[in-house]
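Q: I am new to this structure and would be grateful for a close look at a single part of it. Please take one sheet as the starting point and then follow the connections that lead on from there.

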Amino acid sequence: MNTGVKITAFAATLAATFGTAYGVGKGIGPVAEPVKAGHGEHAAAQPGKKGEEAPGPEKAGGHAGHEEGGTKGTAAADLPGGLQVSDSGYTLALETPVTPAGKSVLKFSVKDAGGKKVTAFTTEHGKELHFIVASRDLTTFRHLHPVKAADGTWTTPVDLPAAGGYKAFADFKPAAPGAKGITLGADLSVPGGYAPKPLPAVAPTATVDGYQVRLGGTLDPGKAGELRLTVTKGGKPVTDLEPYLGAYGHLVALRDGDLAYLHVHPNEGGPGPDVSFTATPPSAGTYRLFLDFQHEGKVRTAAFTVTAGATGTPEKAPAPTSGEATDDAGEHAHG
């Protein structure tokens with residue numbers, strides 16, 4: 001059997017047809033661009049013109065269409081996104097690099113090469129900037145929706161459950177001519193006693209808020225492959241997923257160890273129960289996947305652990321893990 005992410009026994013029945021890194025196959029995915037959500041709410045589903053942005057080349061650290069992940073022409077051109085606080089002349093500047101456990105407010109900005117706060121961004125997938133906070137042990141995940149002030153300062157509430165090390169990611173495309181998509185990462189600290197949690201085991205099913213999400217597919221390091229996620233509730237397929245950030249699903253993958261960031265969006269298709277993504281893991285290793293999906297007006301997050309570059313497939317899949325929302329994938333936090 002080929003090396004790759006072996007997502008337990010059911011992968012054989014759900015294994016997808018693979019394309020290349022520059023050719024995304026059909027699946028379930030992008031819909032019309034939603035009306036931009038304000039602070040404290042998710043992007044609600046709104047019809048838009050047909051033929052919105054189609055998935056493009058995928059690079060670690062960028063949205064679909066970020067041709068070079070914002071690193072072209074730099075010494076770090078081959079690095080996955082999120083590993084650097086500065087890249088391509090832009091810097092993620094956290095004004096609150098230390099924050100208490102529980103509810104707090106984060107402030108940050110993106111600065112240009114001259115140290116000036118950037119105020120103009122290109123809207124992609126309903127947002128000018130996508131902001132993610134994850135714990136170093138990958139058991140806490142927050143997809144936040146900050147608000148930008150006129151001077152380029154971004155502000156967002158956040159609720160971080162425990163002391164420890166976290167990383168903040170800003171995924172954006174400057175409005176400057178010729179600018180590419182960039183993902184920057186900066187360390188965030190929550191003071192106090194810290195007891196890291198073990199990474200959840202590889203399992204094909206995650207349960208969150210009464211929904212079951214099953215993951216299928218095989219990925220090889222450095223090769224494009226398809227992941228297919230199937231959403232059910234009470235044993236019945238969910239066929240009326242609602243658009244969220246311009247698509248029926250939103251996937252972030254973080255590599256265990258250094259939190260290299262891979263942000264992909266779905267292939268074309270309808271509103272469930274399947275959502276498929278084409279993604280290219282930059283290396284062998286263990287990854288944590290976070291799927292955001294919206295149903296009945298609420299965004300939920302299902303989380304999975306997968307391993308790229310492993311050999312062999314277990315004869316029997318591990319038991320489904322409930323609480324894969326951890327602390328939380330499930331609370332799709334605005335803070």
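A: In this predicted model, H130 stands opposite D171 in strand β8. The two strands concerned are β4, residues 129-135, and β8, residues 164-172, which pair in the antiparallel sense over 7 bridges. Both belong to an open sheet of 4 strands, whose order is β5-β4-β8-β9 and whose pairing is antiparallel. At the edges of this sheet are β5 (141-144) and β9 (182-190), each of which pairs on one side only. From one strand to the next, the twist averages 20°.

Strand β4 also contributes to the aromatic contacts. The structure holds 8 aromatic pairs. In one of them, the ring centres of F108 and F131 are 4.2 Å apart and the planes lie at 5°, so this pair is stacked. The pair links distant parts of the chain, since F108 is in strand β3 and F131 in strand β4, 23 residues apart. F108 is buried, because its relative accessible area is 0%, under the 20% limit. F131 is likewise buried, with a relative accessible area of 0%. These two residues are also members of one aromatic cluster, formed by Y90, F108, F121, F131, W154 and F172.

Strand β3 leads from this cluster to another set of pairings. It spans residues 102-111 and is joined to β2 by 4 bridges, the two strands running antiparallel. Within this pairing, T91 stands opposite K111 in β3. Strand β2, residues 90-94, also pairs in the antiparallel sense with β1, residues 86-87, over 2 bridges. Here S86 stands opposite T91 in β2, so that T91 faces a partner in β1 as well as one in β3. β1 and β2 form a hairpin with 2 residues between them, and S88 in the turn has a positive phi of about 55°.

A second aromatic pair turns attention to a later part of the chain. Y211 and F293 form an edge-to-face pair, with 5.6 Å from centre to centre and 70° between the planes. Y211 lies in strand β11 (residues 211-217) and F293 in strand β17, so the pair ties together parts that are 82 residues apart in sequence. Y211 is buried, at a relative accessible area of 0%, and F293 counts as buried at 1%.

Strand β17 is part of a further open sheet, in which 4 strands follow the order β15-β14-β17-β18 with antiparallel pairing. The edge strands here are β15 (261-264) and β18 (298-308), each pairing on one side only. In this sheet, the twist averages 20° from one strand to the next. Between β14 (residues 250-255) and β17 (residues 285-295), the antiparallel pairing extends over 6 bridges.

One residue of β14 can be followed in detail. R255 is found in strand β14 and stands opposite Y287 in β17. R255 is buried, with a relative accessible area of 11%. The side chains of R255 and S283 are joined by a polar contact of 2.7 Å. Neighbours within four places in sequence aside, R255 is in contact with P80, L83, L138, A260, P282, S283, T286 and Y287. Y287, its partner across the strands, and S283, its polar partner, are thus both included among these contacts.

Conventions:
Residues numbered from 1 in each chain as written. Predicted model: local features only at pLDDT ≥ 70, side-chain atom pairs only at ≥ 80, totals over all residues. Heavy atoms only, no water. Pairing = 2+ DSSP bridges. Axes fitted to C-alpha atoms, helices over the stretch in contact; angles between N-to-C directions. Buried < 20%, exposed > 50% of the residue type's maximum accessible area, 1.4 Å probe, protein only. Polar contact = N/O pair within 3.5 Å; in protein donor to acceptor, adjacent residues only side chain to side chain. Contact = heavy atoms within 4.5 Å. Phe/Tyr/Trp six-rings, centres within 6.5 Å; stacked < 30°, edge-to-face > 60°.
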